[in-house]
Each structure stands twice: as structure tokens, then as C-alpha cells.
Amino acid sequence: MGTKIGCREGDCGACTVLVGETVNEKLSYHSVTSCLMPLGNAAGKHIVTIEGINAHDLTPVQEAFANEGATQCGFCTPGFIVSLTGYCISEKTPGYHSAIDAMNGNICRCTGYKSIERAAKTITDNLQQRKQPALDYAIAQKIVPAYFRDIPKRLELLGTPINEKNEVARKMGGGTDLYVQQHDRLHHEDLNFLRQDDELNKITRLQDTCYMGAAVTVSQLAESAVFKNAFANWDHYIKLVSSTQIRNMATVAGNFINASPIGDFTILFLALQAQIKLNHAGADRILPLQQLYLGYKKLNKEPEEIITEIIFKLPGRNDLFNFEKVSKRTHLDIASVNSAMHIQMNAGKIVYAALSAGGVGPVPAYLSKSSDFLKDKEASIDTLRALLKMVQSEISPISDARGQADYKRLLLAQLVKAHFITFFPGLPVDKIVALPA
Ligand SMILES: Cc1cc2nc3c(=O)[nH]c(=O)nc-3n(C[C@H](O)[C@H](O)[C@H](O)COP(=O)(O)OP(=O)(O)OC[C@H]3O[C@@H](n4cnc5c(N)ncnc54)[C@H](O)[C@@H]3O)c2cc1C
Ligand code: FES
Ligand code: FES
């Protein structure tokens, strides 16, 4: 009863619950917005609502909220408490900012956030005393009830859920796109729950190539050592995408197939020249990601085909890679325009470049002419000036709720300049007019 429905679109966090599962023989929990979570993805998992945290007395998290006056109407409160409790039982090194991050998918419309932040501070001060595994400490402190200790055994008794593969059924990743669009219709459809397939949940590195299962979530990417080692600013890019709860559910393949012209991971993987493996009736075909998009939401893909794997070369130690996103709000917002760039240099010259851009045409765009243009060019202001012109010739933005066409042209020019500022800090990039007449 405590789990609330506020927006039913993944935005407010009032419906937050925890999902517990045994991964590599270790029990771990992550928060999700239950309004978008397919029931099939709950099979074999421990679902914790606010009632599952409550015992007879207030928990320290609830007490901190009460003491700081961090609740008024109370509608958002179960969601905040569940998110922060999930943080307390994760093995993340406790710290004020990461505690706040754990609640970045929760919105409160009465209290104001200062009192909630103070409650988070009280809790992180408590967690800093922790000298034992997070769950043991949380049980000892009565942050969660003692029954959590039995959960691994209970999950074992439940066994592995049977996932009948039905190729014609609609493919379901995290549901964060489908359930926003077609909530009621999906209740009556056969669904193919790809998150339940272990084979689709792996990230493997073989020499310089990464093979990533299509049902890997954004949070799995966030924690992946393969990605952290390959991308210097990986944590920053991840934080630009939605909220903790949505990242815990959303898959990368879902981002590709949703075919939004501004899908963040589509833009990022376009600049990595990723390939996708599509499977139907046991047969595989490999397609460059850029060839998936034929027109607005029109895909080079049969309805039965499933993306099973995403394959790409990891940037080398000396490669330059950058992702930029402009949105109306910094967090929990989709992009007005986004862009990624990958560059390799040799002896002061660009020997390889790949540039992608979203929100500037009907499909997520790989800017092939601009990318090819950069080959064998020096990293100079003249090169950038010519590149900015070339980029404008390759895009066709329209005016919509996220901005006028001219504004999006300007935004992309600024993002390309931002790539250059990141890669070549010495260049006087600010001297260049982004959109020459
Ligand atoms: C509150 C909120 C914030 C968001 N913020 C962002 C954001 O900042 N940036 C962003 O890019 N997106 C954002 N999104 C959109 C969405 O979360 C992402 O696009 C996400 O990656 C979709 O993945 P999913 O697994 O949840 O997709 P699903 O809803 O499960 O599926 C989406 C589509 O892909 C198909 N599909 C899924 N997996 C496969 C597969 N392996 N093979 C074939 N077809 C498949 C499904 O049939 C469906 O058509 C946001 C969504 C919400 C609700
Ligand atoms: S009801 Fe708002 S996120 Fe689920
Ligand atoms: S206390 Fe009312 S919405 Fe947060």
C-alpha cells in the first residue's frame, strides 16, 4: 500500500521498490521504478516495498527523515526511503554525494530538498562507521529487518525462473520505453523477457574488442571495469543519462531499437562504430549500428529479429573520446542535442575520426562526411572552422518541443567545439564563431 503511483512514467520515483538477486553467489539490490517494471523481470527476484523494510519501529532512515522534517504530505516519502535504504545495503563506499545520487530519481513537491539532504547526511555519517559487509551492518543497525539474511536461501528455493522463448512475442528489455508508451496494451500481450536470459547479460573483452550482451543495463555499464578502463570520463557520461532507478532497468539494445533520434547510448555507440548482432530462428547477421536506421523510427530489422550482442573496438590508451549532451534539465531529461566523438592522433595529425550527433535529423546520425573530412588533418583552429561548416551541411534539424531548428544547429556546433576543447585544451576554440553566416 505504501508504494505510490505518481507519474507512471518513471519520472517521480514515488513507486520505487528494490529488486534483490543473487549475482555471482552474492545477494545484491538495486532500486527501480515499479510503474515501468515488467512483472516478468521480477521472476526469481526479491521485491522489497516500503512494507518490507518496516518493522515495529521506525528504521534509522525513516527516523532521519522524521527528525529533519523531510516529509510533509508523504506521497514521495516511501520512494525516498526505499532508494536511500537500497543505498545503505549496497557495497558502495558511503559518502554524502553518492547517497544523494541514490535518490536522483525521486521528486518531492512539498518539502524542499534541504531537509532530505540533511537526512541523507545523518545516514551517511552513520554508514561511515561501517566495518563489516553492508547488509550485515544494515541488519545490525535495523536499517533493514533480519529476514534479509534468509533471502539467498529463499531465492535458491524459488529456483531459476522458466523463461519460455517465444520468438514472435514482443521483445522486452527494461521496459522503460515500452511501458511509458503502451502500458495498458502490454498487459494483454505475450512478451519475451530478455533480461532473464543470462547469455544476454554479459560484458566480455577479447583483446581490444568488447562483446556486450544486448540486455546489459546502463547500470551494468556504469560498473563495468572494461568500460571504466577504456573511457576516462565514463562516470560523468553515465550520470547524464536518466536517473539511478531508470539506469538500473534500461538496456542498451532498448535504446537502439527505440530509435529515438536523441538516444544517448545510440549516439555514444555510433561514435564507436559499433556493430549489432541480430538473431532470428537460429541465424545471425551482423549489421553496423549506423545501418539500422532507415528513417524516423524505421529500422533495417525484421520484427522477429532480436539484438543479441553489441560488438565494438574499445578506444586505445592514446585515443580521444568524448560525449556531450545538452538538455533542459541537467539530470533526468532527454537531450535537445547530443554528440560523441572518437579521434586517433599520430604525429600531430588526426588519423581517424568518428562523429555522431542526435536531435539534428530524423534518426540518430553518424556524420560520415565530417568524420572522413578530419582524416590527415592537423588539430588546428582552421580544421575546426572547416569541420563546423561541414557538420552543418550534414544535418537537418526540425523545430519541436526541444528547440527551434536554428537553435539545434547552434547547439551541435557548440558541442563539436566542446569536443575540441576537451581533446586539445591549448587551442583557442573560444575565438571561433560557432555558426558562421
Ligand atoms: C524517466 C525516463 C528517463 C529517461 N532518460 C533517458 C535519457 O536520459 N537518455 C536516453 O537515451 N533515454 C532515456 N530514457 C529512455 C529509455 O530509458 C532508454 O531508451 C532505454 O535505453 C530503453 O531501454 P529498455 O530496455 O528499457 O527498453 P524497452 O522499453 O524494454 O524496449 C524498447 C524497444 O526496444 C525493443 N527491444 C528491447 N531490447 C531488444 C533487443 N535485444 N532486440 C530487439 N528489440 C529489443 C523493444 O521491443 C522496444 O521496442 C528515459 C526513459 C524514462 C522513462
Ligand atoms: S509513478 Fe512516478 S516513477 Fe513510477
Ligand atoms: S512530502 Fe509531499 S511530495 Fe514530498
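Leaving aside neighbours within four places in sequence, Ser34 is in contact with Thr3, Cys15 and Val17, where contact means that the C-beta atoms of two residues, placed from the backbone, lie within 7 Å. This is a predicted model, in which local features need pLDDT of at least 70 and side-chain atom pairs count only at pLDDT 80 or more, whereas totals for chains, interfaces and linings use all residues. Residues are numbered from 1 along each chain as its sequence is written, while chains are lettered from A and ligands numbered from 1 in the order in which they are written.

Ser34 is found in the loop between E2 and E3, the helices (H or I, at least four residues) and strands (E, at least two) being DSSP runs numbered from the N terminus. Ser34 counts as buried because 23 other C-beta atoms lie within 10 Å; the term buried requires 20 or more such atoms within 10 Å of the residue's own C-beta, placed from the backbone, while exposed stands for 12 or fewer and partly exposed for values in between. From C-alpha to C-alpha, Ser34 and Gly10 are 8.3 Å apart in space, although 24 residues apart in sequence.

The strands on either side of that loop belong to an open sheet of three strands, ordered E2-E1-E3 with antiparallel pairing, and two strands are said to pair if DSSP finds at least two bridges between them. Strand E2 (26–33) and strand E3 (46–48) are the edge strands, each pairing on one side only, and the twist from one strand to the next averages 25 degrees. Strand E1 (residues 16–23) pairs with E3 over three bridges, and Val19 stands opposite Ile47 in E3.

Helix H3 (residues 77–88) lies across E1 and E2 and runs at about 25 degrees to E1; such angles run from 0 to 180 degrees between N-to-C directions, with axes fitted to C-alpha atoms, for helices over the stretch in contact. Helix H7 (residues 151–158) packs on the sheet as well, touching E1, E2 and E3, with its direction at about 75 degrees to that of E1. H7 is nevertheless hardly covered, since none of its eight residues is counted as buried, and just after H7, Gly159 takes a positive phi of about 75 degrees.

A second open sheet has five strands in the order E6-E7-E12-E8-E9, again with antiparallel pairing. Its edge strands, each pairing on one side only, are strand E6 (203–206) and strand E9 (283–288), and neighbouring strands are turned by 20 degrees against each other on average, direction ignored. Strand E7 (residues 209–213) pairs with E12 over five bridges, and five bridges likewise join strand E8 (residues 275–280) to E12. The table lists positions that face each other across these pairings.

| Residue | Opposite residue in E12 |
|---|---|
| Tyr211 | Ile311 |
| Met212 | Ile310 |
| Gln275 | Ile311 |

Ligand 1 is surrounded by 32 residues, the closest being Gly10, Gly173, Gly174, Ser242 and Gly254; a residue is near a molecule if its C-beta atom, placed from the backbone, lies within 6 Å of it. Strand E4 (170–172), helix H8 (178–186), helix H13 (252–258) and strand E12 (306–313) each supply at least two residues of this shell, and H13 gives the most, with five residues.
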